[in-house]
Amino acid sequence: MTEMNDRASSSMDSLVERYMNDLRVEVGLAMNTLEAYRRDLQKLQSYLHANGVHSFSGVTRQTISEFLGHLRRSNHAPSSTARCVAAL
């Protein structure tokens with residue numbers, strides 16, 4: 001099971017890297033914004049793994065809603081939560 005989770009995690013990492021590259025090249029976001037988005041996406045990945053979701057195909061609207069609730073309960077500033085939504 002761990003090998004399958006490692007592959008799924010690697011696939012998620014690969015998708016994040018492609019997305020980040022697209023944001024950099026196509027959208028032209030500033031480097032600080034890209035790094036903030038990367039951190040936000042890493043928070044999402046950690047949350048997903050902790051909740052047994054090991055690929056983005058398993059993410060639903062409810063999953064995202066629960067993740068945002070998790071951020072609020074973790075005392076993230078509203079502006080940080082908003083940026084996280086923008087990163088998604």
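A36 lies in helix α2. The model is predicted, and in it A36 is buried, because its relative accessible area is 6%, under the 20% cut-off. Now look across to R83. A36 and R83 are 47 residues apart along the chain. Yet their C-alpha atoms are separated by 8.2 Å.

Step back to the whole chain. The secondary structure comes to 4 helices and 0 strands. From the N terminus on, the elements run α-α-α-α. How many of the contacts between residues at least 6 apart join residues at least 24 apart? The share is 54%.

Next, take helix α4, which spans residues 78–87. Which of its residues are buried? They are T81, C84 and A87. Seen down the axis of α4, these buried residues fall within an arc of 115 degrees, so they line one face of the helix. The spacing fits a general rule. An α-helix has 3.6 residues a turn, so residues three or four places apart point the same way. On the other side of α4, P78 and S79 are exposed.

Stay with T81, a residue of helix α4. T81 counts as buried because its relative accessible area is 10%, again under 20%. What does T81 touch, leaving aside its neighbours within four places in sequence? T81 is in contact with L68, L71 and H76. Now turn to L68 and set aside its own neighbours within four places. L68 is in contact with T81 and V85.

L68 also leads into the interior. In soluble globular proteins, nonpolar side chains tend to be buried together. Here the largest nonpolar core has 9 residues. L68, L71 and C84 belong to this core. The other members are M12, L44, Y47, L48, V53 and F67. Which helices each supply at least two residues of this core? They are α2 (31–50) and α3 (61–73). Apart from this core lies another, of 7 residues. Among its residues are M20, L23, L34 and A87. Two buried residues of α4 thus find their places: C84 sits in the largest core, and A87 sits in the other.

Finally, consider the inside and the outside together. Of the 88 residues of the chain, 26% count as buried. The chain exposes about 5800 Å². Carbon and sulfur atoms supply 51% of that exposed area.

Conventions. Residues are numbered from 1 along each chain as its sequence is written. This is a predicted model: local features need pLDDT of at least 70, side-chain atom pairs count only at pLDDT 80 or more; totals for chains, interfaces and linings use all residues. Side-chain values use heavy atoms; hydrogens and water are left out. Buried means under 20% relative accessible area, exposed over 50%, partly exposed in between (1.4 Å probe, protein chains only). The arc is that of the directions from the helix axis to the C-beta atoms. Contact means heavy atoms within 4.5 Å. A nonpolar core is a set of buried Ala, Val, Leu, Ile, Met, Phe, Trp, Tyr and Cys residues joined through side-chain atoms within 4.5 Å. Accessible areas come from the Shrake-Rupley method with a 1.4 Å probe; for residues, only the protein chains shown count as cover.
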